[in-house]
Structures are given as C-alpha cells and as structure tokens.
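Here's a quick tour for someone who likes to look at contacts and packing before setting anything up. Have the viewer open and follow along.

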Amino acid sequence: MADYHSPTVVQPDIPVAAMTPLERRLLCELFEHEGNDQAVYFFASDNVADTAWIATAELVELLDQDTGMVSRIADVVRAEIAKGDLGEDEFELDFSMIGYDLIFQDIVRRSPDLDHVQIIAAWTCTKMRPDGFGGMATVITADNVHSMSTASYVEEVLGRLGEPPPST
C-alpha cells in the first residue's frame, strides 16, 4: 500500500493581531504551528488536516469573541452551526469543502504587514508512482488566490513549446 504525503509550509509567519480568535484556533487545528504572542508559523510535516473538530461550547465562545474584524470563516461557521445539532460535544468542520485559503485571504486583507501569503506543498509517495510526486505553490493576495501545481507548470510550458501534454 502506498502512503501519500504533502509537507506544506505557509510563509511568512502570520501576525497574531491580524487573526481573529476563531481563525487562529481553526488554523492551529488544520496545521502544525510554532510561534509566540506576536506571530505564528504554520506548517504540516505530513499533510494539512482537512477536518477541524472543535468542542461546540468552545466554537460558540470563539464566535462570541467577535473582534469586529470581517471574517468570512465566521460566517461559514455560523451557517454550519445553524445546520447542525448544537447538542453534540464536538463540531466538525470539513475544510475539504470550505478551504483554508479564505482565512488567509481575510488575514492579508486586514494586515498592514502582509501583502501576500504563500503556501508551498510537496507531494510525495512511499512508492514510486507517477501520480505520487510533484508539488504546488499558492499565492494569496487581498484580491486573488493563485495556485499552480508542477503538473500544470509542465503542461503550460509544453503548450508554449507546441508540444502535446504528457499522458498520465
């Protein structure tokens, strides 16, 4: 059986003052992290989590700590809570459907110290499979989210050279 991995780094460190308490808590659930009360470095040694499990009471408390900052993830969480059963001990947020890029984009929009966030991921596999290697780079600005995988890069270059795309 092959194991797929996607080590990931987020740069630069994210200023704590630019994150709402909810955003910081969610990002810390999805990514490994190091930092202090000034800034946090987010990364994933193996894979970025695609699900955040947070105690329902804590989630409601984090929403109540509204700092007045515009946060689209707070709107998403409120909508998910409205659909779910608040009697549950833990609440599940599926980031494979939501995406964490909107959190980083809101942070960039609010932070005078950030003009972008970049996320670099490597794709590796424990077996030499053609679909198990490569990577991706994402640049998030206040207005856009741009991503490109290594496979997309190869296809783009071959297109410029007039070559057919590689078969997979």
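## R78 and its partners

Setting aside residues up to four places away in sequence, R78 touches L63 and D66. R78 sits in helix α3, and its relative accessible area of 37% makes it partly exposed. Bear in mind that this is a predicted model.

For a sense of scale, try a C-alpha to C-alpha distance from R78 to A17: it comes out at 22 Å, with the two positions 61 residues apart in sequence.

## The chain overall

The chain has 168 residues, and 33% of them are buried. Its secondary structure comes to six helices and 10 strands. Taken along the principal axes, the C-alpha atoms fill a box of roughly 55 × 40 × 30 Å.

The accessible surface is about 9700 Å², and carbon and sulfur atoms own 53% of that. As for contacts, take those with a separation of 6 or more: 62% of them are between residues 24 or more positions apart.

One backbone detail to check is the peptide bond between Q11 and P12, which is cis, with omega at about -5 degrees. P12 is in the loop between β2 (8-11) and β3 (14-15).

## How α1 packs

How do α1 and α3 pack against each other? Their axes are 9 Å apart at an angle of about 80 degrees, so α1 is roughly perpendicular to α3. On the α1 side the residues are L22, E23 and L26, and they meet I73, A74 and V77 of α3. By class, that contact has five nonpolar residues, no polar ones and one charged.

Helix α1 (residues 21-30) also meets helix α2 (residues 56-64), with axes that come within 8 Å and cross at roughly 140 degrees. These two helices are therefore oblique to each other; the cut-off for roughly antiparallel is over 145 degrees. Here P21, L22 and R25 of α1 face E58, L59, L62 and L63 of α2. The class count for this contact is five nonpolar, no polar and two charged residues. L22 turns up in the contact with α2 and again in the one with α3, while L63 of α2 is also a partner of R78.

## Helix α5, mostly covered

Helix α5 is largely enclosed by the rest of the structure, because seven of its 10 residues are buried. The buried ones are L102, I103, F104, Q105, D106, I107 and V108. An α-helix has 3.6 residues a turn, so residues three or four places apart point the same way. In this helix, though, the buried residues form an unbroken run from L102 to V108.

Two of those buried residues have side chains that you might want to inspect. Q105 belongs to α5 (residues 101-110) and counts as buried because its relative accessibility is 7%. Beyond its neighbours within four places in sequence, Q105 is in contact with R72, I140, T141, A142, D143, N144 and V145. A polar atom of the Q105 side chain is 3.4 Å from the backbone oxygen of A142.

D106, also in α5, is buried with a relative accessible area of 3%. Which residues does D106 contact, leaving aside its neighbours within four places in sequence? They are E23, V70, S71, R72 and I73. For the D106 and R72 pair, the C-alpha atoms are 7.3 Å apart, although 34 residues separate them along the chain. R72 is also in the contact list of Q105, and E23 is one of the α1 residues that meet α3.

## D115, out in the loop

Is D115 buried or exposed? D115 counts as exposed, at 58% relative accessibility. It lies in the loop between α5 and β8 (117-125). Its side chain makes a polar contact of 2.8 Å with the side chain of H116.

Not counting neighbours within four places in sequence, D115 is in contact with V108, I140 and T141. I140 and T141 are among the contacts of Q105 too, and V108 is one of the buried residues of α5. A44 is a different story: its C-alpha atom is 23 Å from that of D115, and the two are 71 residues apart along the chain.

Note on methods
Residues are numbered from 1 along each chain as its sequence is written. This is a predicted model: local features need pLDDT of at least 70, side-chain atom pairs count only at pLDDT 80 or more; totals for chains, interfaces and linings use all residues. Side-chain values use heavy atoms; hydrogens and water are left out. Helices (H or I, at least four residues) and strands (E, at least two) are DSSP runs, numbered from the N terminus. Buried means under 20% relative accessible area, exposed over 50%, partly exposed in between (1.4 Å probe, protein chains only). A polar contact is a pair of N or O atoms within 3.5 Å; within protein, one must be able to donate a hydrogen and the other to accept it, and residues adjacent in sequence count only if both atoms are side-chain atoms. Contact means heavy atoms within 4.5 Å. Axes are lines fitted to C-alpha atoms, for helices over the stretch in contact, and angles run from 0 to 180 degrees between N-to-C directions. Angles under 35 degrees count as roughly parallel, over 145 as roughly antiparallel, 65 to 115 as roughly perpendicular and the rest as oblique. Ala, Val, Leu, Ile, Met, Phe, Trp, Tyr, Cys and Pro count as nonpolar, Asp, Glu, Lys and Arg as charged, and the others, Gly among them, as polar. Accessible areas come from the Shrake-Rupley method with a 1.4 Å probe; for residues, only the protein chains shown count as cover.
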